[in-house]
Amino acid sequence: MSNIAILLDGNALAKKVRISVKKQAAQLATPPGLAVIQVGDNPASQVYVANKRKDCVKCGIQSHAYHLEASAGEQKLLDLIQWLNEQAYIHGILVQMPLPEGYDPKAVVHAISPDKDVDAFHTLTAGKFYLNNEVTFSPCTPAGVMAVLDEYEIDPQGKHAVVVGHSNLVGKPMCQMLLNRNATVTNCHVYTKDLAFHTRQADILICAVGKVNLITADMVKQGAVVIDVGINRNGESICGDVDFGEVEKIASHISPVPGGVGPMTRAMLMLNTLHSAQRMGG
Ligand SMILES: NC(=O)c1ccc[n+]([C@@H]2O[C@H](COP(=O)([O-])OP(=O)(O)OC[C@H]3O[C@@H](n4cnc5c(N)ncnc54)[C@H](O)[C@@H]3O)[C@@H](O)[C@H]2O)c1
């Protein structure tokens, strides 16, 4: 008899998070403020920035959008960040990546005050996060995955979690969050030999690579929880890294793309901005 996995509905959970953020934001003396800076005219970035703006509206967060021409130069961007660091009504600052050529993303990220680093990219933010010590901001995508696991009462403790992808943005902080919740963690990546051997061991399989159909049904253990972080674009449509149609017959739970981790990443950004405003006594 074929089984169909429970769908991990990121859209529904993200909506719940936004409602909760809105309620808490309304209790603050000043609304949380998020500054989003875009440099240049990357079309994908334009969509991301517009979506963040919409999320802010839904959450009762003031969105402050800044656009610089690609030719503006790094110093102008650094000056803008410095000015935003000093504004009391701004609780979160993010610079939409990737930056155009000629900008040093590390210098830009480190110009953002760690108190307003809602993307959690700054070294100080990451240090606190990795030590699990006075965590200020959690990286949005892995935090979104953890929120999904919690919502569906999937406890990582004692489970074998296999994370495919080892970027600073997703894979590594994902592993750390699972470790903090007492999972046994294996991290696979592009140099891993026999990826399928590892993925088949997973009670919880999380894929963050960016390769269509990287994870096929034969790579998944019966009853595993499968979370697809990947985003692959084909014209207007997007899909993840997992062969959803086949894997949903094997997994106990599966997240779709779109409608899985993506909306949760955005919801966690709103949550980070709220927490920052609460800390600053907004
Ligand atoms: N859903 C979301 O909100 C969200 C957020 C961030 C990133 N993403 C998506 O997640 C994916 C990963 O993002 P990233 O920023 O970590 O990308 P990245 O390019 O920085 O890292 C990709 C990772 O995949 C690994 N990899 C590449 N080929 C592999 C292979 N054949 N087998 C095993 N591992 C392989 C690499 O070692 C690397 O660690 C992308 O598709 C990205 O668009 C989604």
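In the predicted model, a polar side-chain atom of Ser 167 is placed 2.5 Å from an oxygen atom of the ligand. Two further polar approaches to the ligand involve the protein backbone: a polar backbone atom of Gly 210 lies 3.5 Å from a ligand oxygen atom, and a polar backbone atom of Val 229 lies 3.3 Å from a ligand nitrogen atom. The ligand exposes 850 Å² when taken alone, and 73% of that area is buried by the protein.

The shell around the ligand comprises 21 residues, of which His 166, Ser 167, Val 190, Ile 231 and Thr 265 are the closest. In terms of residue character, this shell is made up of 11 nonpolar residues, nine polar residues and one charged residue. Helix α10, which spans residues 261–279, supplies the largest share of the shell, namely three residues.

With respect to covalent cross-links between cysteines, a search of the whole structure returns zero disulfides. For Cys 207, which takes part in no disulfide, the nearest cysteine sulfur belongs to Cys 188 and is 9.4 Å away, a separation to be set against the 2.5 Å within which two cysteine sulfur atoms would be counted as a disulfide. Cys 207 has a relative accessibility of 1% and therefore counts as buried. Cys 239 is likewise in no disulfide, the nearest cysteine sulfur being that of Cys 207 at 11 Å. With a relative accessible area of 28%, Cys 239 is classed as partly exposed, because that class covers values between the 20% limit for buried residues and the 50% limit for exposed ones.

Terms used
Residues are numbered from 1 along each chain as its sequence is written. This is a predicted model: local features need pLDDT of at least 70, side-chain atom pairs count only at pLDDT 80 or more; totals for chains, interfaces and linings use all residues. Side-chain values use heavy atoms; hydrogens and water are left out. A residue is near a molecule or strand if one of its heavy atoms lies within 4 Å of it. A polar contact is a pair of N or O atoms within 3.5 Å; within protein, one must be able to donate a hydrogen and the other to accept it, and residues adjacent in sequence count only if both atoms are side-chain atoms. Accessible areas come from the Shrake-Rupley method with a 1.4 Å probe; for residues, only the protein chains shown count as cover. Helices (H or I, at least four residues) and strands (E, at least two) are DSSP runs, numbered from the N terminus. Ala, Val, Leu, Ile, Met, Phe, Trp, Tyr, Cys and Pro count as nonpolar, Asp, Glu, Lys and Arg as charged, and the others, Gly among them, as polar. Buried means under 20% relative accessible area, exposed over 50%, partly exposed in between (1.4 Å probe, protein chains only).
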